[in-house]
Amino acid sequence: MSQYIPAVGIVGAGPSGCYLADAINRKLPDGRIDIFDRLPTPFGLVRGGVAPDHQGTKNIARQFERTLGKPGVRFLGNVAIGRDIAYRELKTAYDVLVITIGALQDRRLGIPGEDLDAVYGSGQFVAWYNGIPDGRDLDPRLDGKSIAIIGNGNVALDIARLLGKTPGELATSDLCAHARAAFEAARIEDIWLIGRRGPVEASFTTAELAEFGELSRVAVLVDPSQLPQAMPEGLGDEQRKLAEKNLEILRAYAARGAQSERPVRIHFMFNAAPLAIRGDGRVRELVLTHTRVEHGRPVPGGETFSIAADTVVSAIGYRSTPFPELPFDAARGTVANTQGRVEPGVYAAGWCKRGPQGVVPANRADSLAVADLILADLATCGASGKPGGALIDSLLEERGIRPVGFSGWQKINAAEIAAGQGRPREKLARIEDLLTAAQG
Ligand SMILES: Cc1cc2nc3c(=O)[nH]c(=O)nc-3n(C[C@H](O)[C@H](O)[C@H](O)COP(=O)(O)OP(=O)(O)OC[C@H]3O[C@@H](n4cnc5c(N)ncnc54)[C@H](O)[C@@H]3O)c2cc1C
């Protein structure tokens, strides 16, 4: 190992960046780690993606907070790479650079009508209700009776569940005030959950599926003829286990029947591929075709039909947003990398490396593996004695940018918790408010 202590820069203070900072800090306790985020707040999708009524999942942020507060680790919030500091400049500053920018951009459906009013990507929609500044002003149209959510993952379930909950059921959440007001004013009666494949291929998890059963005003409608009698051949162990548990719950929902006294209906519709979104300026109808699943893939070919939909949300996955000069795999929508190596001295971890799959803890193993790779490379190449954060500090100063440090985040955190008044917190959702709170 070189006599130099390597200067490490991490771009993105989400789970992957925090797990990485922790792993490198443990292995190189004398090293200096700078962790950047484009937002004044850390924790990525733990703050901005995880559903506001899943506070238990958000507790992991406390562990990340301990990492950001460690000596040798520096949080630089409100610094967007590609806008405030160039990738090239980071490479000049740091011996080791790790890209952990996640995947924030919605994948498009690629069907006619996608740009009509009241059609949203789930990333935008979730950013809006979770108080991420980019989404704050989305103001989605929830003024109709029917909403179609396309996708069969947990994000689709999150959106349906939040819309289905009563204000009382949301009282212990940190759903932002603007979203609470919009949900209370909404008069949605039908929520469609549309999967291009069948219930066996759905990627939502059993705990999330079971939560629908606890919603007081919601009838969950499942057509029993869509549930297979027997498991298809060729499933892996994990998929089979998940599918068996999910089918058990879906059968229980199907057995409940219509529950017609309940004012909100969540309809599961499997094996249905969207073909077009139609409307008169805003969406009014979703046109679909039945599918069958062959080798795990949906094959359209059944008859065409349509459902009334006043709002459409697509929850079909995400792509990373590259900044200039970052090697990027446009087909996969990820940072171009070979098992975490991007180019000499540059690495990637988390969703921007693997694609948008896996829960928060899944990023830990990934970050640990990349940290091992970094240490192995440093052992052979050594650190080159780059200037590290001092160079970045002078560039930021020249450009009049004041990063939000860890103490700034602590002030934001305290202000939000105080504003919660019985709720976990009331998030500040505008950059200027966050920056004011960071000043204390
Ligand atoms: C809607 C939704 C709900 C989810 N719910 C759950 C759940 O309930 N439980 C669970 O375990 N998992 C959940 N997940 C998955 C979990 O959020 C991810 O596994 C995890 O957040 C991925 O971590 P990451 O660090 O790779 O990316 P991210 O969490 O996206 O973090 C990336 C960070 O990089 C920053 N960044 C991006 N570009 C730049 C730039 N140019 N300059 C500086 N910073 C930048 C971003 O601001 C962000 O803070 C959910 C995901 C979504 C989308």
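This report describes the ligand site and the second largest pocket of a predicted model.

**Ligand site**

The shell around the ligand is made of 31 residues, and the closest of these are Ser16, Asp37, Leu45, Gly358 and Val360. Sorted by class, the shell holds 17 nonpolar residues, eleven polar residues and three charged residues. Domain 1 (7-104 + 319-403) and domain 2 (108-316) each contribute at least three residues to the shell. Among the secondary-structure elements, helix H1 (15-27), helix H2 (44-48) and helix H7 (154-164) each provide at least two shell residues.

Three polar contacts between protein and ligand are listed below.

| Residue | Protein atom | Ligand atom | Distance |
|---|---|---|---|
| Asp37 | polar side-chain atom | oxygen | 2.6 Å |
| Ile81 | polar backbone atom | nitrogen | 3.0 Å |
| Thr100 | backbone N or O atom | oxygen | 3.5 Å |

On its own, the ligand has 1000 Å² of accessible area, and the protein covers 92% of that area. Asp37, whose side chain supplies the contact at 2.6 Å, is also listed with the closest residues of the shell.

**Second largest pocket**

The second largest pocket encloses about 360 Å³ of space. Its lining consists of 16 residues, with Gln55, Lys58, Ala61, Asn413 and Arg425 the closest to the pocket centre. By class, this lining comprises six nonpolar, three polar and seven charged residues. Helix H2, helix H3 (55-58), helix H4 (60-68) and helix H14 (406-420) each give at least two residues to the lining.

Helix H2 takes part in both sites: at least two of its residues belong to the shell around the ligand, and at least two belong to the lining of the second largest pocket. As for charged residues, the ligand shell has three, whereas the lining of the second largest pocket has seven.

Terms used
Residues are numbered from 1 along each chain as its sequence is written. This is a predicted model: local features need pLDDT of at least 70, side-chain atom pairs count only at pLDDT 80 or more; totals for chains, interfaces and linings use all residues. Side-chain values use heavy atoms; hydrogens and water are left out. A residue is near a molecule or strand if one of its heavy atoms lies within 4 Å of it. A polar contact is a pair of N or O atoms within 3.5 Å; within protein, one must be able to donate a hydrogen and the other to accept it, and residues adjacent in sequence count only if both atoms are side-chain atoms. Accessible areas come from the Shrake-Rupley method with a 1.4 Å probe; for residues, only the protein chains shown count as cover. Helices (H or I, at least four residues) and strands (E, at least two) are DSSP runs, numbered from the N terminus. Ala, Val, Leu, Ile, Met, Phe, Trp, Tyr, Cys and Pro count as nonpolar, Asp, Glu, Lys and Arg as charged, and the others, Gly among them, as polar. Domain bounds come from an automatic or database domain assignment. On a 1 Å grid over the protein atoms alone, a cavity is a set of points where a 1.4 Å probe fits but cannot get out, and a pocket is an open set with protein on both sides within 12 Å along at least five of seven lines; lining residues have an atom within 4 Å of a point. Grid points are joined across faces, edges and corners, and a volume is the space filled by probe spheres set on the points.
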